[in-house]
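Reader: I would like a close look at one part of this protein, set against the background of the whole chain. Please take the overall picture before the detail.

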Amino acid sequence: IALSIADRCIGAIIGAAVAEEAAQPMHWIYSPDRLKEVLSDLEPCPEFRPQSANPFYRRTTGEQTCYGDQAYVLLESLSQCRDEDVEDLTKHFCKFFGPGTVYNLPLNDPYRTKGGSKVNLPIDDPWRSASLKAFMTTVRYAGQSEMLGKVEKAIRVSQTNTMCVAVTPAAARFLEHFILNGPDPNVLDTVQAQLSDPKRQNPQELDHTVIGETKCDFEAALICIFIATRFGMTM
């Protein structure tokens with residue numbers, strides 16, 4: 001079935017939301033032994049685990065991680081403004097994650113003073129991260145010349161780290177390529193060529209460093225998709 005660009009945009013949004021909720025109960029399990037234990041009674045269908053096994057925070061299955069909630073807030077702002085509006089996006093972030101919300105608690109403050117009182121993990125609240133997903137901005141502006149600039153503005157609302165600002169537009173290039181062209185086994189070569197182009201749009205200081213990172217990460221993702229037969233292998 002031939003899919004239009006609009007179909008792929010909708011699919012990207014729905015797919016991201018469903019994947020978020022499916023994986024949320026097993027988010028941030030770094031111990032291979034613990035992961036193997038958690039998966040022992042779930043394989044070959046580990047998605048939507050009924051009870052959270054997250055060692056840092058717990059949310060009800062079906063709810064999103066902080067990253068999914070951030071993507072939702074960005075999508076809401078884009079939808080209401082019909083364009084990227086940094087001031088509106090900032091207000092949406094403050095309303096969703098700021099004072100009076102479950103995200104604005106001493107327990108999940110990523111900037112807690114070191115040496116202060118310890119938090120017993122996992123907490124029974126969402127985890128407040130310092131990062132931002134610019135995923136929805138890519139979907140909204142795919143194929144438009146200003147896409148990468150819009151992505152950078154969105155990421156800088158909550159992140160100004162040089163590496164983060166360089167990696168996010170690179171990831172946006174992958175997503176835009178798939179939205180515009182559909183499946184493509186040569187997408188890695190295409191994105192690396194874009195990052196190597198002296199006349200590339202929205203150049204970043206660390207683009208050449210990102211080239212090496214994208215190769216390793218993308219090849220690892222392909223191994224997970226095409227070779228791994230069990231969820232534990234993908235980890």
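How much area does the protein chain expose, and what share of it do carbon and sulfur atoms supply? After that, please turn to helix α4 and tell me which of its residues are buried and which are exposed.

Author: The model is a predicted one, and every value below is computed from it. The protein chain exposes about 13,600 Å², of which carbon and sulfur atoms supply 57%. Of its 235 residues, 40% count as buried. The secondary structure comes to 10 helices and zero strands, so that reading along the sequence gives the pattern α-α-α-α-α-α-α-α-α-α. Among contacts between residues at least 6 apart in sequence, 64% join residues at least 24 apart.

Now to the part you asked about. Helix α4 takes in residues 86-97, which makes 12 residues, and from its first C-alpha to its last it reaches 16 Å, close to the 16 Å expected at 1.5 Å a residue. Its buried residues are D88, L89, H92, F93 and F97. Seen down the axis of α4, these buried residues fall within an arc of 140 degrees, so they line one face of the helix. The general background is that an α-helix has 3.6 residues a turn, so residues three or four places apart point the same way. On the other side of α4, E87, K91 and K95 are exposed. The partners of the buried residues of α4 are two other helices, α3 (66-81) and α6 (147-155), against which they pack. At the N-terminal end, α4 is capped by D85, a side-chain oxygen of which lies 3.1 Å from the backbone nitrogen of E87; E87 is thus both a residue named in this cap and one of the exposed residues of the helix.

A biochemist may also ask about the cysteines. A disulfide is a covalent bond between the sulfur atoms of two cysteines, and a search of the whole structure finds zero of them. C94 counts as partly exposed, at 48% relative accessibility, and C81 is likewise partly exposed, with a relative accessible area of 28%. C164, in helix α7 (residues 162-181), counts as buried because its relative accessibility is 19%, where the cut-off for buried is under 20%. Not counting residues up to four places away in sequence, C164 touches I155, Q159 and P169. Its C-alpha is 9.7 Å from that of E152, a residue 12 places away in sequence.

Two residues in other helices can be set beside α4. T137 is found in helix α5 and counts as buried, at 0% relative accessibility. Leaving aside neighbours within four places in sequence, T137 is in contact with L74, L78, E84, K150, V151 and A154. E20, whose place is in helix α1, counts as buried at 18% relative accessibility. Leaving aside neighbours within four places in sequence, E20 is in contact with Q64, T65, Y67 and G68. For one of these partners, Q64, the separation from E20 is 44 residues in sequence but 6.0 Å in space, C-alpha to C-alpha.

Helix α8 (residues 187-196) offers a second case of a buried face, with V187, L188, V191, Q192 and L195 buried. These residues cover an arc of only 130 degrees around the axis, which puts them on the same side of α8.

Finally, the loops hold some backbone features that deserve a careful look. Most residues other than glycine have a negative phi, and most peptide bonds are trans. In the loop between α4 and α5 (135-141) lies P122, and the peptide bond from L121 to P122 is cis, with omega near 0 degrees. W28 has a positive phi of about 65 degrees although it is not a glycine; its place is in the loop between α1 (5-23) and α2 (32-39), and at 18% relative accessibility W28 counts as buried. F48, in the loop between α2 and α3, also has a positive phi, near 55 degrees, in a residue other than glycine, whereas its relative accessibility of 38% makes F48 partly exposed.

Key. Residues numbered from 1 in each chain as written. Predicted model: local features only at pLDDT ≥ 70, side-chain atom pairs only at ≥ 80, totals over all residues. Heavy atoms only, no water. Helix = DSSP H or I, 4+ residues; strand = E, 2+ residues; numbered from the N terminus. Expected span 1.5 Å × (residues − 1). Buried < 20%, exposed > 50% of the residue type's maximum accessible area, 1.4 Å probe, protein only. Arc of directions from axis to C-beta. Contact = heavy atoms within 4.5 Å. Polar contact = N/O pair within 3.5 Å; in protein donor to acceptor, adjacent residues only side chain to side chain. Disulfide = S-S within 2.5 Å. Areas by Shrake-Rupley, 256 points an atom, 1.4 Å probe, with all protein chains shown as cover.
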